[in-house]
Amino acid sequence: AAWFDQLIKQGKFDSKSLAGKSESRLRFEGALVNALLQSDPRAASARVAALPEDQRQEFFQQVSSMGIIKPGTEAAYAQLARANLPADKAAGTLAHTAGGLAYGDGYGQIDGFIAKTSATEEEKKAIVSEVMENKLTRNGGREINQDTLEKARAWAATQSPDSVDQATGKILAESTRRGADYDKASALVLQYQESSGKDDVLVEFLKSDTFQHSNNDKAKALIDKIKDPALQEEVRNLPQFKK
């Protein structure tokens with residue numbers, strides 16, 4: 001830390017970009033903070049707090065890209081994010097980190113991360129969405145594996161039951177962007193709508209801007225299947241359906 005701070009004072013990490021950001025400094029800060037979370041969480045927090053506010057989100061992206069947070073530092077990491085980012089950005093940061101665990105088998109590590117960070121309901125909602133998407137798309141996402149989706153939904157219901165259907169609609173819309181069969185995706189959407197008796201999956205599916213350029217006519221035809229008149233009108237007035 002002393003060596004790094006000396007180089008900063010000497011201008012070695014001064015940015016030459018118009019945005020004033022030094023990517024190399026953020027990478028160094030990320031590595032250093034990852035280490036400090038184990039030995040001195042207060043020093044780690046002080047380093048992040050010293051960064052310009054508009055660079056903190058990018059800093060956390062650097063930290064998460066360096067790999068899974070070291071065991072035993074999950075709570076300190078979560079507190080670091082909450083103390084230095086707005087609530088929605090902190091939730092997104094924790095979701096991105098938990099999402100990295102989705103590429104392994106099962107959900108045990110993710111459950112452990114949620115427990116150790118004492119994730120709030122909003123943070124759980126963000127984590128569920130990220131994890132479900134990563135589980136479904138970890139093999140490219142061009143094919144919808146219904147078994148994988150069902151397992152993801154079952155797990156999500158144990159962490160954030162109220163957000164399962166919204167996350168499902170979003171993920172199925174995203175799968176069509178990646179090349180998955182639209183007809184299969186929309187059939188699943190209607191299946192989940194029928195089984196739940198709610199519009200959440202269908203509304204979230206149609207809210208995606210995926211349909212601005214492809215399958216727009218097919219998507220428009222689904223609007224009439226929204227049972228809630230107010231939600232139906234809201235979706236009908238979205239930009240992608242006004243053309």
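1. Following the protein from the N terminus on, one meets its elements in the order α-α-α-α-α-α-α-α-α-α-α-α-α-α, and the count behind this pattern is 14 helices and zero strands. It should be kept in mind while reading that this is a predicted model.

2. On overall dimensions, the C-alpha atoms of the protein fill a box of roughly 65 × 40 × 30 Å when the box is taken along the principal axes.

3. How much of the protein is buried? Of the 243 residues in the protein, 45% are buried, where buried stands for a relative accessible area under 20%. The protein exposes about 12,500 Å² in total, and carbon and sulfur atoms supply 48% of that area.

4. Contacts across the sequence deserve a careful reading, since the percentage applies to a chosen set of pairs. When one takes the contacts between residues at least 6 apart in sequence, 66% of them join residues that are at least 24 apart.

5. Turning to charge, the protein carries 33 positive and 35 negative charges, and the mean positions of these two groups lie 5 Å apart.

6. How many cavities of 30 Å³ or more does a search of the whole structure find? The search finds one, and the space in the largest cavity comes to about 30 Å³. The residues that line the largest cavity are L101, G104, D105, G106, Y107, G108, Q109 and I110. As background to such a search, rolling a probe the size of a water molecule over the atoms shows where empty space is left.

Terms used: Residues numbered from 1 in each chain as written. Predicted model: local features only at pLDDT ≥ 70, side-chain atom pairs only at ≥ 80, totals over all residues. Heavy atoms only, no water. Helix = DSSP H or I, 4+ residues; strand = E, 2+ residues; numbered from the N terminus. Buried < 20%, exposed > 50% of the residue type's maximum accessible area, 1.4 Å probe, protein only. Contact = heavy atoms within 4.5 Å. Areas by Shrake-Rupley, 256 points an atom, 1.4 Å probe, with all protein chains shown as cover. Lys, Arg positive; Asp, Glu negative; His and termini not counted. Charge placed at Lys NZ, Arg CZ, Asp CG, Glu CD. 1 Å grid on protein atoms, 1.4 Å probe; cavity = no way out; pocket = protein on both sides within 12 Å on 5 of 7 lines; lining within 4 Å. Points joined across faces, edges and corners; volume = space filled by probe spheres on them.
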